[in-house]
Amino acid sequence: MRNVRLHLAALAVTAGLLSACTGGPDGGNPPSSTRPAQSPTSSGTSSATAPPSTATPSPDTETSVPAPPPASPSALPAGPGQGNAELAITVIPAEGQAAVNYTLVCEAGVPAGESSHPTADAACAALKRNAALLNPAPRTAQACTQQYGGPEKATVSGVVDGTAVEASFARTDGCEISAWDAAKDILGGAGGAT
């Protein structure tokens with residue numbers, strides 16, 4: 001029994017020394033509620049240095065100011081544009097099928113030599129007429145017909161008239177079919193029913 005008490009006493013001393021060395025449970029400083037209060041010095045200021053007011057709070061700090069909304073991508077204006085574009089277009093005809101990749105480069109609505117798009121003339125003309133075809137449409141409260149237009153999916157990324165674009169297309173309901181059909185010249189020949 002005496003050996004057990006000695007072992008327990010040794011463990012208690014070791015635990016006390018370890019907690020004094022490591023501070024809090026995560027190895028850092030102990031939480032502010034367990035730290036001793038700092039006594040003011042003769043000048044009336046605290047002996048501890050306060051962090052500057054512009055310091056970045058830790059991620060788990062609660063604030064009363066709401067966070068700003070995330071930056072939304074710039075929308076392309078509707079209507080005629082300059083017709084300048086550098087786009088990477090990927091069309092997946094159906095799940096499990098190989099993706100079809102195109103490059104579309106337009107200058108003033110005319111395809112450049114590095115374009116690999118099958119209908120580059122029509123695609124560049126469509127972008128010059130209305131670059132907003134590549135604006136991602138918000139789908140929060142829009143009612144869409146529940147119809148299926150096919151398994152095709154497409155992504156378009158790059159720059160149109162100096163504005164970065166990132167758009168996704170599918171044919172899973174009436175709204176998405178409509179957006180696909182509007183951008184069909186840009187999506188190319190592998191893009192769904194014509």
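## Exercises on a five-stranded sheet

I89 stands opposite Y102 in β2. Let's find out what surrounds that pair. What you have here is a predicted model, where local features need pLDDT of at least 70, side-chain atom pairs count only at pLDDT 80 or more, and totals for chains, interfaces and linings use all residues. Residues are numbered from 1 along each chain as its sequence is written, and side-chain values use heavy atoms, with hydrogens and water left out.

### Exercise 1: Know what to trust

Work out over which residues the pLDDT is below 50 and how many contacts the model has there.

*Solution.* Begin with the score itself: pLDDT is the predictor's confidence in each residue, on a scale from 0 to 100. The protein averages 73, and 54% of the residues score at least 70. Now look along the chain. Residues 39-47 have a pLDDT below 50, and beyond near neighbours in sequence this stretch has five contacts in the model (a contact means heavy atoms within 4.5 Å). Residues 68-73 also stay under 50, with zero contacts beyond four places in sequence. Finish with the reading rule: where pLDDT is low, don't read the predicted coordinates in detail.

### Exercise 2: Build the sheet

List the order of the strands in the sheet, and say which strands stand at the edges.

*Solution.* Get the elements sorted before anything else. Helices (H or I, at least four residues) and strands (E, at least two) are DSSP runs, numbered from the N terminus. The protein has four helices and five strands, running α-β-β-β-α-β-β-α-α from the N terminus on.

Next, pair the strands, which takes at least two bridges found by DSSP between them. β1 (residues 85-92) and β2 (residues 100-107) pair antiparallel over seven bridges. One of the partnerships here is V91 with V100 in β2. Moving on, two bridges join β2 to β3 (residues 110-111), again antiparallel, with E107 standing opposite V110 in β3.

Now put it together: the open sheet of five strands has the order β3-β2-β1-β4-β5, with antiparallel pairing. β3 and β5 (163-170) each have a single partner strand, so one side of each is left without a neighbour in the sheet. That puts β3 and β5 at the edges.

### Exercise 3: Lay the helices on top

Find which strands α2 and α3 lie across, and at what angles they run.

*Solution.* Here's how the angles work: axes are lines fitted to C-alpha atoms, for helices over the stretch in contact, and angles run from 0 to 180 degrees between N-to-C directions. Take α2: it lies across β1, β2, β3 and β4, at about 60 degrees to β2. Then take α3: it lies across β1, β4 and β5, at about 125 degrees to β5.

### Exercise 4: Trace the disulfides

Find which cysteines are joined by the two disulfides, and which parts of the chain they link.

*Solution.* The test is a pair of cysteine sulfur atoms within 2.5 Å. C106 and C124 pass, with their sulfur atoms 1.9 Å apart. C106 lies in β2 and C124 in α2 (residues 120-129), so this pair ties together parts 18 residues apart in sequence. C106 and C124 are both buried (buried is under 20% relative accessible area, exposed is over 50%, partly exposed is in between; 1.4 Å probe, protein chains only).

On to the other pair: C144 is joined to C175, S to S 1.9 Å. C144 sits in the loop between α2 and β4 (153-160) and C175 in α3 (residues 174-182), 31 residues apart. C144 is buried at 16%, and C175 counts as buried at 15%.

Check the handedness too. The C106 and C124 link is left-handed, with -85 degrees about the S-S bond. The C144 and C175 link is left-handed as well, with -100 degrees. Counting bonded cysteines along the chain gives the pattern 1-2, 3-4.

### Exercise 5: Spot the odd phi angles

Name the residues that have a positive phi although they are not glycines, and locate each.

*Solution.* Try the hairpin of β2 and β3, with its two residues between the strands. A108 is in that loop, and its phi is positive, about 55 degrees, although A108 is not a glycine. At 44% relative accessibility, A108 counts as partly exposed. Then check the loop between β4 and β5, where you'll find D161. D161 isn't a glycine, yet has a positive phi of about 50 degrees.
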